[in-house]
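Work through the following exercises with the sequence and the model at hand, and try each task before reading its solution.

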Amino acid sequence: MSVAEARAGPVTGVDEVYGAVLSDVDAELTAPAHELLTVTPWLRLVRDFAAHRVLAQVSADGSVWLTVGSLFTPFPYAVHAGVVATGDAAFAKVAVDVLAAGAVVVSVERDADTAVVRWNKPEDAVAFTLSRSTDGTQWEVLERGTRSYTYKDEGLRHGRRYYKVAAQLVGGGTRETTDPVVVSAETLAQVIARARKADASEWTKKSYAAFVAELDRIEKAAGEDEDTRIDQVYAAYELLVSIETLLRKFEVAPSMVQASTVAWPGTGTTAANGWRAFDGDTATYTDTLAAESWINIDAGASGPITVDRVRLYPRVGQLSRANGTVFRGSNDDGGTWTDFHTVSGVNAAQWYEFKLPERASYQRIRVYDGHNGRCNLAEVEFWYQLPDEE
Ligand SMILES: [Ca+2]
């Protein structure tokens with residue numbers, strides 16, 4: 001490992017009234033074969049003093065920069081900055097530069113086919129106009145007079161997009177970006193590589209196999225137009241069918257349910273008290289009379305109850321009472337019980353879903369509360385997954 005150091009402090013002649021001195025540190029990284037370093041051996045740190053922000057940018061050629069990181073750094077005006085490379089890398093051609101005071105600095109990031117354009121706010125700027133070009137010559141205005149400092153531009157699947165920003169100044173007039181930023185769409189190889197990283201467990205086996213087969217076909221169709229093949233990869237995502245489509249809810253009927261006591265302070269029946277956790281209404285909840293209590297669900301002829309996921313909605317106003325609730329099952333008429341899930345992490349009035357590490361299947365399920373939560377659950381649901389057939 002080696003270290004390159006560059007000093008970026010105040011520079012004589014810069015108008016400090018603006019307080020927006022921007023310092024570039026350009027460095028070329030040389031290192032053993034590493035994909036990212038091979039593709040983008042240039043690194044640049046841009047410090048926007050006024051915004052206390054440092055941008056990390058990479059480049060293939062030292063002229064077109066893509067922002068890959070950003071850090072809020074509330075340091076004084078003058079800092080001595082050291083730059084360190086981890087791993088077996090070395091810096092070469094290190095240079096420090098200073099941008100004009102009050103400069104409009106535009107940067108761009110890309111996530112798949114979305115470009116995110118960001119710019120700073122010079123002190124004398126009141127609004128901004130953002131323009132885009134696909135060739136660096138013909139420009140179209142995307143935003144005029146905006147007070148935002150960011151713009152999300154979707155659908156970047158081919159070619160390049162250039163962006164420039166003009167600031168409207170408080171005293172009238174405008175100041176434009178010195179250099180437009182440019183971002184390239186992913187290559188076909190990158191689009192395919194990203195597609196292949198899709199998590200197979202999120203999709204039905206059959207649909208995932210069709211997706212992979214389509215990727216294989218596109219990859220082999222070397223004679224076809226590259227842009228067409230990129231569009232085909234995006235279209236292939238439509239073949240994927242979520243595994244969630246195979247989930248089914250076990251229908252709990254009122255006749256299956258019984259709480260260990262009637263409802264607090266002593267009303268109704270034990271069946272009615274238990275049913276409040278299954279009646280489909282998040283405003284109603286089971287509320288027992290004892291510190292140790294439970295709700296039994298006996299599936300009867302509809303059993304067993306097969307469970308891959310438990311979903312629940314806590315009692316609004318007593319959210320934490322859901323935590324510590326134990327789900328247990330019995331196949332010997334309640335003689336013995338096996339715990340299969342303990343609730344934790346509930347702290348908001350919302351639905352919670354718990355994926356069981358392995359399937360539970362029982363004739364009877366008990367929602368057990370030994371922590372004085374009074375079985376205060378507004379809704380409980382048992383979900384199972386249909387077989388995922390090839
Ligand atoms: Ca309810």
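**Exercise 1. A loop residue and its surroundings**

Locate lysine 121 relative to the strands that flank it, and decide whether it is buried, partly exposed or exposed.

Solution. Lysine 121 lies in the loop between E9 and strand E10 (125–133), where helices (H or I, at least four residues) and strands (E, at least two) are DSSP runs numbered from the N terminus. The model is a predicted one, in which local features need pLDDT of at least 70 and side-chain atom pairs count only at pLDDT 80 or more, while totals for chains, interfaces and linings use all residues. Residue numbers start from 1 along each chain as its sequence is written. The next step is to count neighbours: a residue is buried if 20 or more other C-beta atoms, placed from the backbone, lie within 10 Å of its own, exposed if 12 or fewer, and partly exposed in between. Because lysine 121 has 18 C-beta neighbours inside 10 Å, this residue counts as partly exposed.

The last step is to look at what surrounds lysine 121 in space. Once its neighbours within four places in sequence are left aside, lysine 121 is in contact with Ala51 and Tyr149, contact being defined by C-beta atoms, placed from the backbone, that lie within 7 Å. Glycine 102, which is 19 residues away from lysine 121 in sequence, is 8.3 Å away in space, C-alpha to C-alpha.

**Exercise 2. The strands that pair with E8 and E9**

Trace the pairing from E8 to E9 and from E9 to E12, and name a residue pair for each step.

Solution. Strand E8 (residues 106–111) pairs with strand E9 (residues 114–119) in the antiparallel sense over six bridges; two strands count as paired if DSSP finds at least two bridges between them. Glutamate 109 has valine 116 in E9 as its bridge partner. The two strands form a hairpin with two residues between them, and alanine 112 in the turn has a positive phi of about 55 degrees. Continuing from E9, four bridges join this strand to strand E12 (residues 150–153), and the two run antiparallel. Here arginine 118 stands opposite threonine 150 in E12.

**Exercise 3. A second hairpin**

Describe strand E3 by its burial, and then its connection to E4.

Solution. Strand E3 (residues 42–48) is mostly covered, since six of its seven residues are buried. Seven bridges join E3 to strand E4 (residues 53–59), and the pair runs antiparallel. Tryptophan 42 stands opposite serine 59 in E4. The hairpin formed by E3 and E4 has four residues between the strands, and histidine 52 in its turn has a positive phi of about 55 degrees.

**Exercise 4. Two packed helices**

What are the angle and the axis distance between H2 and H4, and which residues make the contact?

Solution. Helix H2 (residues 188–196) and helix H4 (residues 226–236) pack at an angle of about 15 degrees, with their axes 9 Å apart; axes are lines fitted to C-alpha atoms, for helices over the stretch in contact, and angles run from 0 to 180 degrees between N-to-C directions. The two helices are therefore roughly parallel to each other, the term being used for angles under 35 degrees. On the H2 side the contact is made by Leu188, Val191, Ile192 and Ala195, and on the H4 side by Glu226, Arg229, Ile230, Val233 and Ala236.

**Exercise 5. An open sheet**

Give the strand order of the open sheet of four strands, and identify the strands at its edges.

Solution. The order is E16-E24-E19-E22, with antiparallel pairing. Strand E16 (247–249) and strand E22 (352–362) stand at the edges, each with a single partner strand, so one side of each is left without a neighbour in the sheet. The twist averages 35 degrees from one strand to the next. Inside this order, E19 and E24 pair in the antiparallel sense over six bridges, and arginine 311 stands opposite glutamate 381 in E24.

**Exercise 6. Backbone geometry in loops**

Find the loops that hold proline 265 and proline 304, and state the omega of the peptide bond before each.

Solution. Proline 265 is in the loop between strand E17 (257–259) and helix H5 (270–275), and the peptide bond from tryptophan 264 to proline 265 is cis, with omega near 5 degrees. Proline 304 is in the loop between strand E18 (293–298) and strand E19 (305–314), and a cis peptide bond with omega of about -5 degrees joins glycine 303 to proline 304.

Methods:
Angles under 35 degrees count as roughly parallel, over 145 as roughly antiparallel, 65 to 115 as roughly perpendicular and the rest as oblique.
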